[in-house]
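Me: Please give me a close look at a single part of this structure. I should like to follow how that part is built and what surrounds it, step by step.

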Protein chains: 2
Amino acid sequence: MTNNKRIRNKRSITIRDVARQAGVSVSTVSNALNKKRYVKEDTTRKIREIAEKLNYEPSMIARGLRLRSTRSIGVIVPDISNPFFAEMVRGMENTARKMGFTVLLCCTYYDVEEEQRQLGLLKNKWVDGFIFVSGYNTDDHIRDLIDQRLHVVAVDREITDFEVPSVLIDNKEAAKTAVSYLASLGHKMIAYLTFPSTNMKTVEDRLKGYKEGLYDNGLEFNQELVIIDESLRTNEMRESYQVVSEFMRKANHPTAIFAMDDLIAIGLLKALKDMGFRVPQDISVMGFDNIAISAFTDPPLTTIKQPKKRMGEAAIQLLIDLIERKKLDSKKLILPTELIIRGSVAGVRGSEESRARLQFYSSEDENRRGRD
Amino acid sequence: MTNNKRIRNKRSITIRDVARQAGVSVSTVSNALNKKRYVKEDTTRKIREIAEKLNYEPSMIARGLRLRSTRSIGVIVPDISNPFFAEMVRGMENTARKMGFTVLLCCTYYDVEEEQRQLGLLKNKWVDGFIFVSGYNTDDHIRDLIDQRLHVVAVDREITDFEVPSVLIDNKEAAKTAVSYLASLGHKMIAYLTFPSTNMKTVEDRLKGYKEGLYDNGLEFNQELVIIDESLRTNEMRESYQVVSEFMRKANHPTAIFAMDDLIAIGLLKALKDMGFRVPQDISVMGFDNIAISAFTDPPLTTIKQPKKRMGEAAIQLLIDLIERKKLDSKKLILPTELIIRGSVAGVRGSEESRARLQFYSSEDENRRGRD
DNA sequence: ATGAAAGCGCTAACAA
DNA sequence: TTGTTAGCGCTTTCAT
């Protein structure tokens, strides 16, 4: 009875409803609302009021169909439950929203076919551009995108064959820094724990950095000290636990282990502890990424910080510039990394003076106060 | 020269291109591809071939405009970088995809206004339904949705005023279980660490469960043992560290602390350790959620498991049933929780026999092998 | 068994 | 300063 206005609310309010009520044409409404051409003050105000009253919301679908653009961005990440990606995506959403764009998030779970499927979906939804995060360097489908004049930006993923603007860090250098840090504390037996780099330049570069880091410090590369295990790729913590348990049972213990990322390092930490090793007194551990939890492990993890949020922000910015045809300042943005010294690394003799102390509130800690 | 086919690839292939090449009408193409009405075998095959050849992909935008439905679902979570939500969303994406739906993810960062903004955005994109995860119980905008005959499902969030199908756990019971477990090990001074429940039934219920749990075990409720701190809401680990440091400096230490969620518990673990307390020998800690990292803290966290992936799956399933007008089996789905005993809780005297041992590969561990 | 045409809601070119 | 109208790509009645 009283709510009979509500009864046939199936169809939503369109621009025509507003036009009719305001006694003007649809184009006037459109123009008033989008200020595309001049509309008399009075009319504009009236239209505004009516639109407000009717609770009119322009349909992005219709607008998309007409404009062939939806002001949305497809973001493709391997796995959002990995904090590294989650933190980065957060940076993306923030800036996207500020610029009036929406982010459509897709996870591939490290599956190339899935990536392509998702891509198709996104394309059919007419996103204005794509951001590819990490993932494999099987770039044929990305080339197709470019050929179709679609906008693409890559993050933590280098497209080698052709030019795609990308936001990167210098993985090789960063890994070298890590190794050098370890070496500077007297470590000579430094192991490296990773998964196969199959088509992932990031993973490959870190391994290279590890090797070069050894070389730079006059250390010899020893194949037996690098553990490359496929199982680490996804369920990282859990699997690294397994893998390491085996590794450490062998003779010739390393005095330090450098893990390809923090998740792996965290599993490592636990495995080591369960086997009776004390970190860092008996063995040192380093990670890579500086995800939020890494400050809260025991001991807190010494690691390399990637500016995740800033990477996300930069990627969105780059892509929007591309979409809006602004010319880009640079095609390749290399953001700085940083050595975050916490408590999981000690001098090789475990001597107190060389022990790297917890830097809990170090000013460079990305996760501090939610800012980056 | 050779790639001049590629040169004006701006416009993408439409159904008309396919129709023209196949020498049939657009409606035939549409019908052949969607099998909406019978099309001669031959023609169908030919159309299929041409579509394939041209790489035709129907525009979801145009179809959405026509059908007023986009086979996409808007998922609204407080913060995707919180592993609890990330793991749940992963469950959602999986089932959504299987059913041919796309998930549009939005984060509110615990901001009601933001939630409403996102909602507007999603609505204008004509998602077929919404899933609200957690967040505050300010449900006016959700009521509007319902009034507009839109489909809504809630997860970990009870809409009290009116009927919205929801996927829940029994937070009160689960919290009681936790407290009872602690009590059974002889704990009498059990503290509770949370943020204000302002309009969040989940948070409220856990506090209630804590109180009732005490009562059930003949323990007295002591206001001084419950720490309610706003700062825990977002940056949970970091803040709980701070909050707890202060709390433990006071006299009358509790022998156990029950944290509202695992993230808080992890910060707690660290704070305690930094203050020189041994967990669980000196003090026991329990969490809630069983996020993936909780198995890898030191000691591994004893906690209450929420079936996150299953919750996500169920929510999507429920919503799709709603969208496709199947009748629902039930409006309220309460999924079971489970006590996960690991190493952060000990008997009150720290006696070895009462020490709850690490159940690393306990069969009920959700995160094992990525399955749930 | 298939085609023609209307129309979903919007914007923009063209008129006035 | 504003109105009229075509058309974005698709599905679906209504014809045939």
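Reply: In this predicted model, the domain assignment divides chain A into domain 1 (3–58), domain 2 (69–168 + 309–334) and domain 3 (171–305 + 341–371). Domains 2 and 3 of chain A are each given as two separate stretches of sequence. Taken over C-alpha atoms, the centres of domain 1 and domain 2 of chain A lie 35 Å apart.

Let us look closely at Val24(A), which sits in the loop between helix H1 (15–22) and H2 of chain A. Is Val24(A) buried, exposed or partly exposed? Within 10 Å there are 19 other C-beta atoms, and Val24(A) is therefore partly exposed; a buried residue would need 20 or more. Setting aside neighbours within four places in sequence, Val24(A) is in contact with Ala19(A), Val29(A), Thr43(A) and Ile47(A). Val29(A) and Ile47(A) appear again in a separate setting, described below with the cores. Ser166(A) is 142 residues away from Val24(A) along the chain, and their C-alpha atoms are separated by 47 Å.

The nonpolar cores come next. Nonpolar side chains in soluble globular proteins tend to be buried together. The largest nonpolar core here has 197 residues, and those with the most contacts inside it are Val75(A), Leu268(A), Val75(B), Phe258(B) and Leu268(B). A second, separate core has eight residues, including Ile15(A), Val29(A), Ile47(A) and Ala51(A). Within the largest core, Val75(B) may serve as an example. Residues up to four places away in sequence being left out, Val75(B) touches Val89(B), Met92(B), Val103(B), Leu104(B), Leu105(B), Cys106(B), Ile131(B) and Val133(B).

We may now turn to the DNA. Around DNA strand C there are 27 residues, of which the closest are Thr14(A), Ile15(A), Ser27(A), Ser25(B) and Ser27(B). Ile15(A) is thus among the closest residues to strand C and also a member of the second core. Helix H2 (26–34) and helix H4 (60–67) of chain A, together with helix H2 (26–34) and helix H4 (60–67) of chain B, are the elements that give two or more residues to this surface. H4(A) has the largest share, with five residues. By class, the surface near strand C divides into eleven nonpolar, nine polar and seven charged residues.

DNA strand D is surrounded by 28 residues, and the closest are Ser27(A), Thr14(B), Ile15(B), Ser27(B) and Ala62(B). Here too, H2 and H4 of both chains are the elements that give two or more residues. The surface near strand D comprises eleven nonpolar, ten polar and seven charged residues.

The two protein chains also meet each other. Their contact takes 46 residues from chain A and 46 residues from chain B. On the side of chain B, at least two residues come from each of H4, helix H5 (83–98), strand E2 (102–107), helix H6 (112–124), helix H10 (236–249) and helix H11 (262–274). H5(B) supplies the largest share of that side, six residues. The classes on that side are 19 nonpolar, 13 polar and 14 charged residues.

Helix H9 (residues 201–216) of chain B allows a check of geometry. At 1.5 Å a residue, its 16 residues should span 22 Å; the end C-alpha atoms are 21 Å apart, which agrees. Among its buried residues are Val203(B), Arg206(B), Tyr210(B) and Leu214(B). The buried residues of H9(B) pack against helix H8 (171–184), strand E6 (190–194) and strand E8 (256–259) of chain B. After H9(B) comes Gly218(B), whose phi is positive, near 65°.

Some further backbone features deserve notice. Most residues other than glycine have a negative phi, and most peptide bonds are trans. Ser134(A), in the loop between strand E3 (129–133) and helix H7 (140–147) of chain A, nevertheless has a positive phi of about 50°. Ser134(A) counts as buried because it has 22 C-beta neighbours inside 10 Å. Arg71(B) likewise has a positive phi, near 50°, and lies in the loop between H4 and strand E1 (72–77) of chain B. With 18 C-beta neighbours inside 10 Å, Arg71(B) counts as partly exposed. As for peptide bonds, the one from Val279(B) to Pro280(B) is cis, with omega near 10°, and Pro280(B) lies in the loop between H11 and strand E9 (284–286) of chain B. The bond from Asp298(B) to Pro299(B) is cis as well, with omega near -5°; Pro299(B) is in the loop between E9 and strand E10 (303–305) of chain B.

Notes
Residues are numbered from 1 along each chain as its sequence is written. Chains are lettered from A and ligands numbered from 1 in the order in which they are written. This is a predicted model: local features need pLDDT of at least 70, side-chain atom pairs count only at pLDDT 80 or more; totals for chains, interfaces and linings use all residues. Helices (H or I, at least four residues) and strands (E, at least two) are DSSP runs, numbered from the N terminus. The expected span of a helix is 1.5 Å times one less than its number of residues. A residue is buried if 20 or more other C-beta atoms lie within 10 Å of its own, exposed if 12 or fewer, and partly exposed in between; C-beta atoms are placed from the backbone. Two residues are in contact if their C-beta atoms, placed from the backbone, lie within 7 Å. A nonpolar core is a set of buried Ala, Val, Leu, Ile, Met, Phe, Trp, Tyr and Cys residues joined through C-beta atoms within 7 Å. A residue is near a molecule or strand if its C-beta atom, placed from the backbone, lies within 6 Å of it. Ala, Val, Leu, Ile, Met, Phe, Trp, Tyr, Cys and Pro count as nonpolar, Asp, Glu, Lys and Arg as charged, and the others, Gly among them, as polar. Domain bounds come from an automatic or database domain assignment.
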